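Open the model in your viewer and set it to a cartoon view. The stops below say what to select next and what is there.

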Amino acid sequence: MAEQQPQQGKRSNSRVIAWCMAGVVGMFAFGFALVPLYDVFCEITGINGKTGGRYETGVSNQVDENRTVTVQFLASNGPGMSWEFRPVQRSVKVHPGEAVTVNFYAANPTDHAMVGQAVPSLSPSEGTLYFHKTECFCFNQQPLDAGESVEMPLVFIVDPELPEHITKLTLSYTLYDQDPQARVSGSARTGATTTNNNG
């Protein structure tokens with residue numbers, strides 16, 4: 001009788017551990033699924049300043065020459081990204097409805113090839129529904145060889161329906177290293193130590 005009690009206790013502990021593990025896996029899967037759902041929600045509503053994807057221009061786009069909107073550009077690097085990354089122009093004044101082209105500069109100062117991806121955000125977030133990108137370097141990943149630099153174009157249109165009280169929009173890009181894991185494992189294999197500085 002005394003031997004059965006420890007066995008029952010072990011079975012009970014195993015069940016509790018199994019339920020806990022299942023709960024952890026379930027929570028992880030739920031958290032992982034929230035990311036794409038959140039992105040879709042933000043793109044539809046414009047919350048959190050997330051801008052939409054490629055915008056197809058219509059033939060009937062009218063330029064409002066009686067109104068001017070200032071669009072300011074900011075650029076920053078994500079954690080561990082060592083590229084130089086900045087807008088060529090800090091700001092432009094545009095008429096709603098006109099297609100405007102600006103460029104961003106990126107340079108890879110390291111001794112190895114890297115791939116970057118820029119993620120945009122717009123403020124005020126109310127303006128995201130009225131800021132349309134027809135071409136953007138943020139649509140694709142950007143590979144750069146060691147020491148290589150590039151100017152990356154952005155073509156956008158501020159919608160004429162932009163609310164009148166919005167006179168300035170700030171478009172921010174954060175540049176992320178798309179393959180840090182491979183370099184970390186490569187450095188570990190060769191025994192090299194690398195320090196990345198945020199730009």
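Start with S1 and S3, which pair in the antiparallel sense over four bridges. Two strands count as paired if DSSP finds at least two bridges between them. Select Thr-70 and, in S3, its bridge partner Lys-93.

Before going on, note that this is a predicted model, in which local features need pLDDT of at least 70 and side-chain atom pairs count only at pLDDT 80 or more, while totals for chains, interfaces and linings use all residues. Residues are numbered from 1 along each chain as its sequence is written, and side-chain values use heavy atoms, with hydrogens and water left out.

**The whole chain**

Zoom out to the full protein, which has two helices and nine strands. Helices (H or I, at least four residues) and strands (E, at least two) are DSSP runs, numbered from the N terminus. Read from the N terminus, the elements run α-β-β-β-β-β-β-β-β-β-α. Of the 199 residues, 31% count as buried; buried means under 20% relative accessible area, exposed over 50%, and partly exposed in between, with a 1.4 Å probe and protein chains only. Of the contacts between residues at least 6 apart in sequence, 76% join residues at least 24 apart. A contact means heavy atoms within 4.5 Å.

**The five-strand sheet**

Select S3, S1, S9, S5 and S7 in that order: they make an open sheet of five strands with mixed pairing. Strand S3 (91–94) and strand S7 (142–144) stand at the edges, each with a single partner strand, so one side of each has no neighbour in the sheet. On average, neighbouring strands here are turned by 30 degrees against each other, direction ignored. The axes behind this angle are lines fitted to C-alpha atoms, for helices over the stretch in contact, and angles run from 0 to 180 degrees between N-to-C directions.

Now show S1 with strand S9 (residues 168–177), which pair in the parallel sense over eight bridges. Within this pairing, Gln-72 stands opposite Thr-170 in S9.

**The four-strand sheet**

Next select S2, S4, S8 and S6, the order of the four strands in an open sheet with antiparallel pairing. The edge strands are strand S2 (84–87) and strand S6 (131–136), each pairing on one side only. The twist averages 25 degrees from one strand to the next. Isolate S6 and strand S8 (residues 149–158) to see antiparallel pairing over five bridges. Cys-136 stands opposite Leu-154 in S8.

**The nonpolar core**

Which residues have the most contacts inside the largest nonpolar core? Select Phe-73, Phe-85, Phe-104, Phe-137, Leu-154, Phe-156 and Tyr-173; the core has 30 residues. Such a core is a set of buried Ala, Val, Leu, Ile, Met, Phe, Trp, Tyr and Cys residues joined through side-chain atoms within 4.5 Å. The elements giving two or more residues to this core are S1, S3, strand S4 (99–107), S5, S6, S8 and S9.

Centre on Phe-73 and display its surroundings. Leaving aside neighbours within four places in sequence, the contacts of Phe-73 include Pro-87, Val-92, Val-102, Phe-104, Leu-154, Phe-156 and Leu-171.

**Aromatic rings**

The structure holds eight aromatic pairs. Rings of Phe, Tyr and Trp (its six-membered ring) pair if their centres lie within 6.5 Å; planes under 30 degrees apart count as stacked, over 60 as edge-to-face and the rest as tilted. Select Phe-104 and Phe-137, a tilted pair at 5.1 Å centre to centre with 45 degrees between the planes. Phe-104 lies in strand S4 and Phe-137 in the loop between S6 and S7, so the pair ties together parts that are 33 residues apart in sequence. Phe-104 is buried at 0% relative accessibility, and Phe-137 is buried at 10%.

Add Tyr-173, which forms an edge-to-face pair with Phe-104, 5.1 Å centre to centre and 75 degrees between the planes. This pair links Phe-104 in strand S4 to Tyr-173 in strand S9, 69 residues apart. Tyr-173 is buried too, with a relative accessible area of 0%.

**Two loop stops**

Go to Gln-62, in the loop between helix H1 (4–45) and strand S1 (69–77). Gln-62 counts as exposed, at 59% relative accessibility. Not counting residues up to four places away in sequence, Gln-62 touches Pro-96, Gly-97 and Pro-160.

Finish at Ser-123 and Pro-124, joined by a cis peptide bond with omega about -5 degrees. Most peptide bonds are trans. Pro-124 lies in the loop between strand S5 (114–123) and S6.
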